[in-house]
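Trainee: Could you take me closely through one part of this model, strand by strand, and then connect it to the rest of the chain as far as you can?

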Amino acid sequence: MSWSLVPAARFADHAATWAGLNTAGPAAPLLSPEFVQPLLKEFGSGNEWLAMWRQDNEVVVMTIVCPRRAGVWETFQPSQAPVTLWLERPGALAPQDLPRLLDALIRTLPGGALLLGMTQCDPAVTRQPEDSDRITVLPYLDTARVALQGEFADYWNGRGKNLRANMKKQRAKLLKEGVATRMEVTREADGMAAAVADFGRLESAGWKSKEGTSVHLDNAQGRFYRAMLESMARRGNAAVYRYWFDDRLVAVNLCVEGGDSVIILKTTYDESLGSQYSPAFLLLEELCQHLFALRRFKGLEFYGKVMEWHRRWSDEVRTLYHVNSYRWSGLRRLHHAWQKRAEHRNLAAAAPAATAATAATAATAATAATADQPME
């Protein structure tokens with residue numbers, strides 16, 4: 001039993017093994033080779049390694065890791081990947097085996113690794129270990145899910161009165177103005193380039209254009225979403241939902257599907273209409289209605305930090321987490337002591353201009369920042 005490392009640039013050579021682990025395990029669309037390979041191509045630096053744990057000459061665990069700084073490694077986690085890239089064959093490992101595997105991987109990585117972080121782990125996909133003398137589990141963020149079981153009418157009647165009234169009001173306003181709404185679904189691979197281009201044009205008209213983070217077909221984000229959605233669509237696992245007011249595109253959702261879930265990767269909408277008509281919410285309402293009618297999936301995943309509006313649409317929230325594995329137990333204690341000192345420095349810096357209420361908020365923010373950055 002041992003780890004072996006190959007450059008992640010050779011992921012295609014091992015994609016079938018990766019796919020086999022995913023199919024046997026979580027069957028997660030975010031862990032399919034069709035998602036991972038374009039992710040590496042567009043956002044990899046060339047320093048990533050594909051790590052494989054073999055047991056009885058069979059690969060039972062695979063992950064992709066990269067150095068963050070001297071002595072510190074983490075799972076490959078560009079912002080376009082909502083969950084950690086870690087797969088294991090069900091039943092091959094006992095729960096207590098994960099610390100041993102992480103320790104062995106630390107000792108296999110080049111350059112004398114001291115700390116390895118598994119980032120953005122989803123308890124619905126990856127088993128959560130217990131804290132130990134060399135393992136720290138840190139909460140990352142809460143994410144929401146819409147359960148797609150039963151009838152849409154029952155789900156909708158379970159939403160808050162304000163949400164239902166607001167959606168009804170928006171639709172009545174559009175009807176009065178003679179505006180026809182429609183949702184268009186694209187699933188074919190040859191339609192994904194145009195769908196991503198539409199997404200980019202709509203997003204570029206909003207605040208993300210000013211930030212320089214909007215999607216374009218000729219930037220890394222655009223190339224990734226096009227290649228990934230085309231590849232996923234060839235397997236029947238991608239869908240783009242576009243929403244129209246007459247002939248005006250007003251909202252777009254980029255989605256992947258697989259196992260029992262639909263995942264909204266990105267949403268954009270016409271911001272000039274946002275406060276007046278809520279086009280993104282109108283699209284979401286019809287998307288939910290569509291998915292309930294399909295009866296193919298058990299959940300619609302948002303995979304973003306839970307906001308107040310998520311709670312209006314969802315009754316299910318779970319916590320994603322980070323795992324830090326340390327080479328030595330003493331290093332874990334030193335790291336925790338450093339984090340405490342950093343937290344106290346943040347509090348001290350915030351205190352002079354803070355009231356009692358804002359000081360409490362600063363303490364919460366400092367703690368959250370520590371949890372969100374497990375490697376610091």
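Mentor: Ser-261 has Gly-299 as its bridge partner in β12, and that is a convenient place to enter this predicted model. The pairing to which this bridge belongs joins β11 and strand β12, residues 299–301, in the parallel sense over three bridges. Strand β11 itself covers residues 261–269 and is mostly covered, with seven of its nine residues buried.

β11 also pairs with strand β10, residues 248–258, here in the antiparallel sense and over eight bridges. Within that pairing, Val-256 finds its bridge partner in Ile-263 of β11. The hairpin formed by β10 and β11 has two residues between the strands, and in this hairpin Gly-259 adopts a positive phi near 60 degrees.

Turning from strands to helices, look at α6, which spans residues 192–204, and α8, which spans residues 220–234: these two pack at an angle of about 145 degrees, with their axes 9 Å apart. The crossing in which α6 passes α8 is right-handed. On the α6 side the contact is made by Met-192, Ala-193 and Val-196, while α8 contributes Gly-222, Tyr-225, Arg-226, Leu-229, Glu-230 and Ala-233. Sorted by class, this contact of α6 with α8 comprises six nonpolar residues, one polar residue and two charged residues.

A further residue to follow is Glu-34, which sits in helix α2, residues 33–43. Glu-34 counts as buried because its relative accessible area is 16%, and the cut-off for that label is under 20%. Apart from neighbours within four places in sequence, Glu-34 is in contact with Met-228, Ser-231, Met-232 and Arg-235. With Arg-235 there is also a polar contact between the two side chains, at 3.4 Å.

Met-232, one of the residues that Glu-34 contacts, gives us a way across to strand β7, residues 135–147, where Leu-141 is found. The C-alpha atoms of Leu-141 and Met-232 are separated by 27 Å, and the two residues are 91 residues apart along the chain. Leu-141 is likewise to be called buried, since its relative accessible area is 16%. Once its neighbours within four places in sequence are left aside, the contacts of Leu-141 are with Gly-304, Lys-305, Arg-318, Thr-319 and Leu-320.

Note on methods:
Residues numbered from 1 in each chain as written. Predicted model: local features only at pLDDT ≥ 70, side-chain atom pairs only at ≥ 80, totals over all residues. Heavy atoms only, no water. Axes fitted to C-alpha atoms, helices over the stretch in contact; angles between N-to-C directions. Helix = DSSP H or I, 4+ residues; strand = E, 2+ residues; numbered from the N terminus. Left-handed = near helix turned anticlockwise from the far one by under 90°. Contact = heavy atoms within 4.5 Å. Nonpolar A, V, L, I, M, F, W, Y, C, P; charged D, E, K, R; others polar. Buried < 20%, exposed > 50% of the residue type's maximum accessible area, 1.4 Å probe, protein only. Pairing = 2+ DSSP bridges. Polar contact = N/O pair within 3.5 Å; in protein donor to acceptor, adjacent residues only side chain to side chain.
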